[in-house]
Every structure is written in structure tokens, then in C-alpha cells.
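Visitor: Can you walk me through this one? I'd like to start with burial and then move on to contacts.

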Amino acid sequence: AGFDFRRIEGYAPAVGRLLPDSLVAELAFVSSMRLRESQAETENEARGLRAYADRFTDEHLSRWVGRYAELARSKGADFYTEWIDLTVHVVELGRSA
């Protein structure tokens with residue numbers, strides 16, 4: 001499951017600043033898929049969007065976000081490290097839902 005981060009819908013100035021293969025771009029993509037899922041007109045459409053977001057999370061985001069958090073913690077704890085740890089937990093919750 002791949003994605004083109006330039007096609008993410010949202011606040012244009014923020015979307016325009018996304019970088020490929022970044023944590024923010026991948027989170028924005030999953031967020032946009034979940035939003036589209038919640039707005040789907042049919043259960044079949046919602047199921048397809050949910051499956052795609054789940055697959056993307058399993059094949060991309062969840063494979064490296066934990067290691068990213070470990071690296072951040074190894075450099076010292078601060079505000080951003082706490083946010084990365086929270087992100088890891090949210091990603092894990094999303095996988096088990």
C-alpha cells in the first residue's frame with residue numbers, strides 16, 4: 001500500500017509543506033483516509049477505505065515509528081519525544097481496532 005502524499009486533502013499551506021516518507025506525511029495520509037471512511041456513503045466504501053488505511057499502517061507506518069521513537073529517546077527526553085511516544089501508542093491502537 002503506497003501513497004502520493006501530494007494528493008492528501010486538507011489545509012493547503014500545511015499539505016504543501018509535507019515531505020515524502022516523513023512521519024507527518026504518513027500520519028496525515030492515515031488521517032485523511034479515516035476521515036474519508038467516516039464520510040463514506042456506503043458501508044462497502046467505508047470498508048474499503050478502512051482496509052486500505054489499515055494495510056498502509058501495517059506495511060509502512062507501524063514498521064518504523066517505534067524505532068523512530070527509540071532513536072528520539074536516545075537523544076534525550078523532551079516535549080517532542082513525548083509526542084512521538086504518544087504517536088506510537090495511537091498507531092498501535094489503530095492497528096488493534
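**Burial, salt bridges and core**

Guide: Starting with helix α2, the buried residues are L23, A25, E26, F29, V30, S32, M33 and E37. Keep in mind that this is a predicted model.

Visitor: What are the length and span of α2?

Guide: Helix α2 covers residues 23-38, which is 16 residues. From its first C-alpha to its last it reaches 23 Å, close to the 22 Å expected at 1.5 Å a residue.

Visitor: Back to burial. Where is A25, and what is its relative accessible area?

Guide: A25 sits in helix α2. Its relative accessible area is 0%, so A25 is buried.

Visitor: And how far is A25 from I8?

Guide: The C-alpha atoms of A25 and I8 are 8.6 Å apart in space, with the two positions 17 residues apart in sequence terms.

Visitor: E37 was on the buried list too. Why does E37 count as buried?

Guide: Because its relative accessible area is 16%, and the cut-off for buried is under 20%.

Visitor: Which side chain in α2 meets E37 in a salt bridge?

Guide: R34 does, at 3.2 Å from N to O. R34 and E37 are both in helix α2, 3 residues apart, about one turn of the helix.

Visitor: Why would that spacing work?

Guide: An α-helix has 3.6 residues a turn, so residues three or four places apart point the same way.

Visitor: Is R34 buried or exposed?

Guide: Neither; R34 counts as partly exposed because its relative accessibility is 28%.

Visitor: What other salt bridge does R34 make?

Guide: The side chain of R34 also meets that of D54, at 2.6 Å from N to O. R34 is in helix α2 and D54 is in helix α3 (residues 43-74), so this pair ties together parts that are 20 residues apart in sequence. D54 is partly exposed, with a relative accessible area of 26%.

Visitor: Which residue does E37 meet in helix α3?

Guide: R50; the side chains of E37 and R50 form a salt bridge at 2.7 Å, N to O. This pair links distant parts of the chain, with E37 in helix α2 and R50 in helix α3, 13 residues apart. R50 is partly exposed at a relative accessible area of 29%.

Visitor: Which residues end up in one network?

Guide: R34, E37, E43, R50 and D54 are joined into one network by salt bridges that share partners.

Visitor: How many salt bridges are there in the whole structure?

Guide: A search of the whole structure gives 6.

Visitor: Change of topic. What is in the largest nonpolar core?

Guide: The largest nonpolar core has 20 residues, and those with the most contacts inside it are I8, L18, F29, M33, L61 and V65. Helices α2, α3 and α4 each supply at least two residues of this core. The most comes from α3, with 8 residues.

Visitor: What does V65 touch?

Guide: Setting aside neighbours within four places in sequence, V65 is in contact with L23, T87, V88 and V91.

Visitor: And on the outside, which residues form a nonpolar patch?

Guide: F79, Y80, W83, L86 and V90 form a nonpolar patch on the surface, with about 590 Å² of accessible area together.

Visitor: Where does L86 lie, and why does L86 count as partly exposed?

Guide: L86 lies in helix α4, residues 79-96. It counts as partly exposed because its relative accessibility is 42%.

Terms used
Residues are numbered from 1 along each chain as its sequence is written. This is a predicted model: local features need pLDDT of at least 70, side-chain atom pairs count only at pLDDT 80 or more; totals for chains, interfaces and linings use all residues. Side-chain values use heavy atoms; hydrogens and water are left out. Helices (H or I, at least four residues) and strands (E, at least two) are DSSP runs, numbered from the N terminus. The expected span of a helix is 1.5 Å times one less than its number of residues. Buried means under 20% relative accessible area, exposed over 50%, partly exposed in between (1.4 Å probe, protein chains only). Patches are made of residues with over 30% relative accessible area and no salt bridge: like charges are joined within 9 Å, nonpolar side chains (Val, Leu, Ile, Met, Phe, Trp, Tyr) within 5 Å. Accessible areas come from the Shrake-Rupley method with a 1.4 Å probe; for residues, only the protein chains shown count as cover. A salt bridge is a side-chain nitrogen of Lys or Arg within 4 Å of a carboxyl oxygen of Asp or Glu. A nonpolar core is a set of buried Ala, Val, Leu, Ile, Met, Phe, Trp, Tyr and Cys residues joined through side-chain atoms within 4.5 Å. Contact means heavy atoms within 4.5 Å.
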